[in-house]
Amino acid sequence: MSASSLIQNLRNTRVAVVHPRDQDGDDLVRQLQRIGCQVQMVWPPPTQLPQPLDAVFFLLDRDTKSSMPWRMADLSIAHIAIVDYENPTVLKALLDSSAHGVLVRPIRASGVLSNLVLALSMRGYESRLLAKISKLEDTLRTRREIEKATRLLMNLRNLSEDDAYQFIRKQATAKRVPMGTIAGSIINAHAMLAELSRDGEGEK
Amino acid sequence: MGSDSSDHLSGAANAWRVGVLFSRKGYMQVPESEHFRGTALAIEEINLAGGVLGRPIEPVCYDPESSPELYRRSAEKLLTEDGISTIFGCCTSSSRKAILATVERRNALLWYPSLYEGFEYSPNVIYTGAAPNQNSLQLARYLFATYGRTFYLVGSDYIYPRESNRIMRDVVAREGGEVVAETYVPVTPHHDQIRRVVEDIRRKAPSVVFSTVVGQGGQALYRIFREAGLDPRTMPIASLTMGEGEIRAIGPELCVGHITSAPYFSTVATPANRRFVEAYRAHFGRDAPVTMYAEAAYFQIHVFADALRRAKSLDTQRLAEAALGTEYDAPQGRIRIDPDNNHTFLRPRIGMVNEHGDFDVVWEAKAAVKPDPYLVDHVYDHA
């Protein structure tokens with residue numbers, strides 16, 4: 001998302017603050033409201049965050065398990081940690097948390113907006129990368145299946161590699177499905193036929 | 001407070017000592033001198049009426065000469081050597097940003113009377129000038145309706161113009177208009193640089209010019225614009241900063257038709273404003289231009305005095321708490337310090353320069369508008 005659309009969407013941004021209701025918690029909530037976000041405060045750390053949500057600010061203790069009992073991997077939201085110190089223990093917890101941003105207590109109004117925008121942008125980037133990776137993995141898998149199906153067709157029908165490939169492609173176009181699906185059905189059909197002939201031999 | 005600094009107190013050990021930081025020299029001399037006069041007038045009124053809780057307000061003033069670095073050093077001096085915790089000051093965003101860290105670190109309270117580009121909140125600042133939702137949005141709408149859809153943006157090269165132009169560009173784009181150029185000149189530009197801009201304006205022939213060129217550069221722009229034969233009555237320069245004082249300095253006859261969006265013009269018809277204009281001119285001359293700069297600086301001192309009366313202390317926390325939520329009959333009308341964001345409910349107005357160098361109010365909001373420094377509520381919803 002571009003910088004200006006991130007900023008323009010602030011008032012539609014849903015934020016949870018996992019922090020005790022004290023001076024820092026109140027200051028943070030008030031600044032988020034000034035910025036225009038839809039904020040809710042949650043304490044103690046819940047196993048499930050209130051959904052739908054775009055970002056969460058959470059107080060990070062020494063231990064990420066108790067600080068963030070929700071499963072981060074399941075949630076495509078921005079995580080911003082709040083820490084008290086910057087000592088090695090806290091830094092380790094910070095790295096474990098895979099947060100996209102960090103605020104240090106006492107919380108000042110300035111810094112909240114930059115952290116939020118940065119974290120949302122990082123999360124968006126991360127999502128796009130993950131989506132790209134899963135698409136690439138898909139493509140790789142499909143490619144292997146198409147290759148296998150091509151080889152099967154070449155052997156069964158004595159086709160050239162190019163003809164076999166073109167056959168799969170034409171079938172996919174005609175049936176309006178991805179080539180991987182056609183390849184998959186050829187592989188499955190071949191496996192079934194192979195089994196059938198094995199069973200047949202057994203009956204003889 | 002150190003023992004050596006208490007020597008300064010000899011005159012009025014009993015006084016409420018406050019800092020005043022406005023430039024009397026440099027490129028911001030005109031508007032900041034108006035801030036200074038508004039401040040001085042209000043302090044005098046309060047002291048003549050017996051002070052606050054029987055004690056006078058004693059201003060300690062430095063002249064930062066339009067330099068952010070001098071602003072920083074003067075603020076540092078006020079907060080450390082002079083033992084002061086409340087400062088009235090700053091006009092440009094660069095000067096405010098220059099002292100903000102110091103003000104926060106020393107837990108002081110800055111009263112800031114200028115319009116600015118928004119996107120700021122500090123618990124240590126009370127903002128009494130307009131935020132963009134109180135001037136830019138109304139201005140854009142008015143210009144669209146009156147002059148047309150092509151905008152030429154020109155600014156001084158620093159934070160306020162770049163941000164204000166960004167806001168204006170967004171509004172123009174959303175309303176279906178077109179920005180035909182966005183250009184910047186140095187903060188203290190050479191006249192040739194302004195001439196090149198004016199030539200470019202003539203070539204591109206926009207419906208309207210939106211200028212965030214401040215200080216003497218802005219005055220030069222208006223002068224050269226007219227010298228080039230461009231007519232403000234058909235193609236005005238619209239601004240958020242050009243007040244009566246600078247119009248006077250440029251020459252009113254050169255400016256008739258130009259547009260400014262601000263919560264205050266000297267022609268506003270309220271009883272409080274009649275008293276204010278009269279008192280101001282009695283002090284600073286029959287012809288003294290009365291501007292938004294003087295007005296905000298003036299009313300914020302009165303708001304401060306009210307808050308001090310209730311807080312009975314210059315302690316930053318107590319004073320700020322007392323100020324938040326305060327209402328006051330300012331010359332522009334009733335204002336209120338918004339406890340949500342420390343900015344001020346102000347009444348947006350649009351003025352057009354007349355032949356006397358005053359502004360005829362050509363549009364005004366029905367009531368004071370809640371400040372929205374982060375532009376949470378988008379204009380487009382209310383347009």
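1. In this predicted model, chain B exposes about 13,900 Å². Carbon and sulfur atoms supply 49% of that exposed area.

2. Beneath the surface, burial can be given as a share of residues: 61% of the 383 residues of chain B count as buried, where buried means under 20% relative accessible area.

3. The secondary structure of chain B consists of 12 helices and 15 strands. Its radius of gyration is 20 Å, close to the 21 Å that the globule rule gives for 383 residues, so chain B is as compact as a globular protein of that length. The C-alpha trace of chain B spans about 65 × 40 × 40 Å along its principal axes.

4. On contacts within chain B, take those between residues at least 6 apart in sequence: 68% of them join residues at least 24 apart.

5. On charge, chain B carries 41 positive and 47 negative charges. The mean positions of these two sets lie 1 Å apart.

6. Where chain A meets chain B, 11 residues of chain A are in contact with 12 residues of chain B. The two chains bury about 1,100 Å² between them, and 49% of this buried area is on carbon and sulfur atoms. On the chain A side, A:Gln8, A:Arg11 and A:Arg34 supply 56% of the area that chain A buries against chain B, more than any other three residues.

Note on methods. Residues numbered from 1 in each chain as written. Chains lettered and ligands numbered in written order. Predicted model: local features only at pLDDT ≥ 70, side-chain atom pairs only at ≥ 80, totals over all residues. Heavy atoms only, no water. Helix = DSSP H or I, 4+ residues; strand = E, 2+ residues; numbered from the N terminus. Rg over C-alpha atoms; globule rule 2.2 N^0.38 Å. Buried < 20%, exposed > 50% of the residue type's maximum accessible area, 1.4 Å probe, protein only. Contact = heavy atoms within 4.5 Å. Areas by Shrake-Rupley, 256 points an atom, 1.4 Å probe, with all protein chains shown as cover. Lys, Arg positive; Asp, Glu negative; His and termini not counted. Charge placed at Lys NZ, Arg CZ, Asp CG, Glu CD. Buried area = accessible area lost by both parts, 1.4 Å probe.
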